[in-house]
Amino acid sequence: DEPSVNSTIEHQSSLHYRAAEHNSIHMRLLLLLLSFLLQPQSSNSLGHPALLDSIKSFHQPPSSSVADACRIFHGRGGLHPGADHLTLDYYAPVFLLTSFGVELEEKELDSYCSALCETLDANEEEDDDNSQQHELTIVYQCRGANTTAETRLLCGTIPDPHIVTENNGQDQYLAHLLRGQNHGLFLDMSNGRTWLRNKCQTKDVSSVLNLFSYTCAFSVAALNGGADKVVNIDMSRGALKVGQRNHELNGISSKASFLSHDIFKTWGKMKRAGPFDCIVVDPPSYQKGSFVAKKDYGKVIRRLPSLLNEDGYALLCLNAPEMNSEFLLDKVKEECGTEMVFIERLENPATFESAFPERALKVLLFQYQPSDDVSSVAT
C-alpha cells in the first residue's frame, strides 16, 4: 500500500525535526568549545611556553637603563593563546608573577622559579661586572573571580624600603608588592610620565594638577623635569602618604602639595590654586562610593576649561576594557564643545602590546583652545 499523504507529511516533519535537533546539538557543542577556548586554561604544571620563553630572553636592566621596573610578559594582551591570565613584572630586584582567575599549581610555580633562576645565573655570567651576586626574589599573586586571593613570597628577600626607578635612575618610586593589588607604580603608564617630564623640561608645562594622584608618580616626573608646582589630589590618605615619601626620596617636596579630598567637593580650592598648564586625570574605572567612569568622568571633563591656562594640556586616562576611546572623545565634545582639541593618543609601552588596543589602557591628550581663538583662526 502507498503511504497516505498525512503519514508522508508526518514522516517529512519528523525528518526536519531530527535534522534541526541534530544541528542544534552541533551548535551547542560548538558554543561550548568556543567558550572553553576563550576562557583561561587550567594551570599547566609544566608552565606556559610563551612565558617561559619571555623569562629565558629577559636580561636584567643595567643600572644605566631607562627603567628598572617593567613588564616582562603580558599574557593579558591576548597575543599568547592560553596565557590570558598570566603577567610577569620586574620591580628590581623582585619578580612579580600574577595570575588572574586561575590558581596555579605548585609544579607550575616551580617551573617559573627554575626558569628565572637559570636566567639570573646566565645574566650574571654574561655581565662584565659580576662581582655582586643577585638573590632571586619572586612574589606570586593570584586574584580575580572564582579564585582564592593570595599574595606570597615564593623565594628571596624584598628590600625595605623597596625603591625602583625610571628615567635613568633619576625618578625614584617606592614599591610594595606584598600589600594589595596595586604596587605603588603603574608600569603601563610610563609613557605618560615620560611625556609629562619632557613637557616640563621644555618649559611648555610649569604647573600641574594631578587628579586621582594615587602615589603621585606623575608629580615626581613633572617636578624632576623642571615643573614649578604640582597639586596632587586623591581621597586615599595612605596613597598620598606614599606620594609624600616619593617626593622626599627625590628631594622635591617643597614644590608639591597633597590634598586628601573628594575631587567633586574641591573645585573651588582647585580653581584658586590654578590655572594650570596641564591636568592629569587618571581615575579608577570603578570605585564604589567615589568614582564610576561611565557616570562621573563627564563631571570632571566639564571643569577642565575653567582650570587650564590657554593652550594648556589635559591628559585623560581610561583603563576600562568595556569602554573605548570614543567614550572619552564623545564626553569631551559633549562637555567642552570645540574648546578642548584632541591632539593624540599616547602609545602604551611596547611590553603591554595588545591584540585589542581598545580594551587596553587609553591615554588621550587634549589641548585647551578657547572658542575666541578657534574662531579667529577660522577667519
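**Exercise 1. Find which strands helix H2 lies across, and the angle at which H2 runs to E1.**

Solution. Start at residues 49-57, which form helix H2. In this predicted model, H2 lies across E1, strand E2 (86-91) and E3. Now compare directions: H2 runs at about 145° to E1. Next, look for helix H3, residues 106-126, which packs on the sheet as well and touches E2, E3, E4 and E5. The direction of H3 makes about 45° with that of E5.

**Exercise 2. Work out the strand order of the sheet that holds E1 to E5, and say which strands stand at its edges.**

Solution. Step one is the order: five strands form an open sheet that reads E1-E2-E3-E4-E5, with mixed pairing. Step two is the edges: strand E1 (69-74) and strand E5 (150-155) each have a single partner strand, so one side of each is left without a neighbour in the sheet. Step three is the twist: on average, neighbouring strands here are turned by 20° against each other, direction ignored.

**Exercise 3. Show what makes the pairing in this sheet mixed, using strand E4.**

Solution. Take E3 (residues 94-100) and E4 (residues 137-143): they run parallel and are joined by seven bridges. One place to look is valine 94, which stands opposite threonine 137 in E4. Then turn to E5, which pairs with E4 in the antiparallel sense over five bridges. Here valine 139 has leucine 153 in E5 as its bridge partner. Finally, follow the chain from E4 to E5: the two form a hairpin with six residues between them. In the turn, glycine 144 has a positive phi of about 115°.

**Exercise 4. Lay out the sheet of seven strands and place two helices on its strands.**

Solution. Write down the order of this open sheet: E10-E9-E8-E11-E14-E16-E15, again with mixed pairing. Its edge strands are E10 (256-259) and E15 (340-346), each pairing on one side only. Neighbouring strands are turned by 15° against each other on average, direction ignored. For a parallel pair, pick E8 (residues 207-211) and E9 (residues 229-233), which share five bridges; valine 208 stands opposite valine 230 in E9.

Now add the helices. H4 lies across E8, E11 (276-281), E14 (308-318), E15 and E16 (362-368), and runs at about 165° to E14. Helix H10 (residues 325-336) lies across E14, E15 and E16, at about 25° to E16.

**Exercise 5. Describe how helix H4 meets helix H5.**

Solution. Two numbers are needed, since packed helices are described by the angle between their axes and the distance between the axes. The axes of H4 (residues 190-201) and H5 (residues 217-225) come within 7 Å and cross at roughly 30°. Angles under 35 degrees count as roughly parallel, so H4 is roughly parallel to H5. The crossing is right-handed. Among the residues making the contact are Leu196 and Cys200 of H4 and Phe218 and Ala221 of H5. By class, the contact has six nonpolar, four polar and two charged residues.

**Exercise 6. Decide which stretches of the model have pLDDT below 50.**

Solution. Begin with the whole protein: the mean pLDDT is 87, and 83% of the residues reach 70 or more. Residues 1-22 are below 50, with one contact beyond near neighbours in sequence. Residues 374-379 are below 50 too, with two such contacts. Where pLDDT is low, the predicted coordinates should not be read in detail.

Technical notes. Residues are numbered from 1 along each chain as its sequence is written. This is a predicted model: local features need pLDDT of at least 70, side-chain atom pairs count only at pLDDT 80 or more; totals for chains, interfaces and linings use all residues. Side-chain values use heavy atoms; hydrogens and water are left out. pLDDT is the predictor's confidence in each residue, from 0 to 100. Contact means heavy atoms within 4.5 Å. Axes are lines fitted to C-alpha atoms, for helices over the stretch in contact, and angles run from 0 to 180 degrees between N-to-C directions. Helices (H or I, at least four residues) and strands (E, at least two) are DSSP runs, numbered from the N terminus. Angles under 35 degrees count as roughly parallel, over 145 as roughly antiparallel, 65 to 115 as roughly perpendicular and the rest as oblique. A crossing is left-handed if the near helix is turned anticlockwise from the far one by less than a right angle, and right-handed if clockwise. Ala, Val, Leu, Ile, Met, Phe, Trp, Tyr, Cys and Pro count as nonpolar, Asp, Glu, Lys and Arg as charged, and the others, Gly among them, as polar. Two strands pair if DSSP finds at least two bridges between them.
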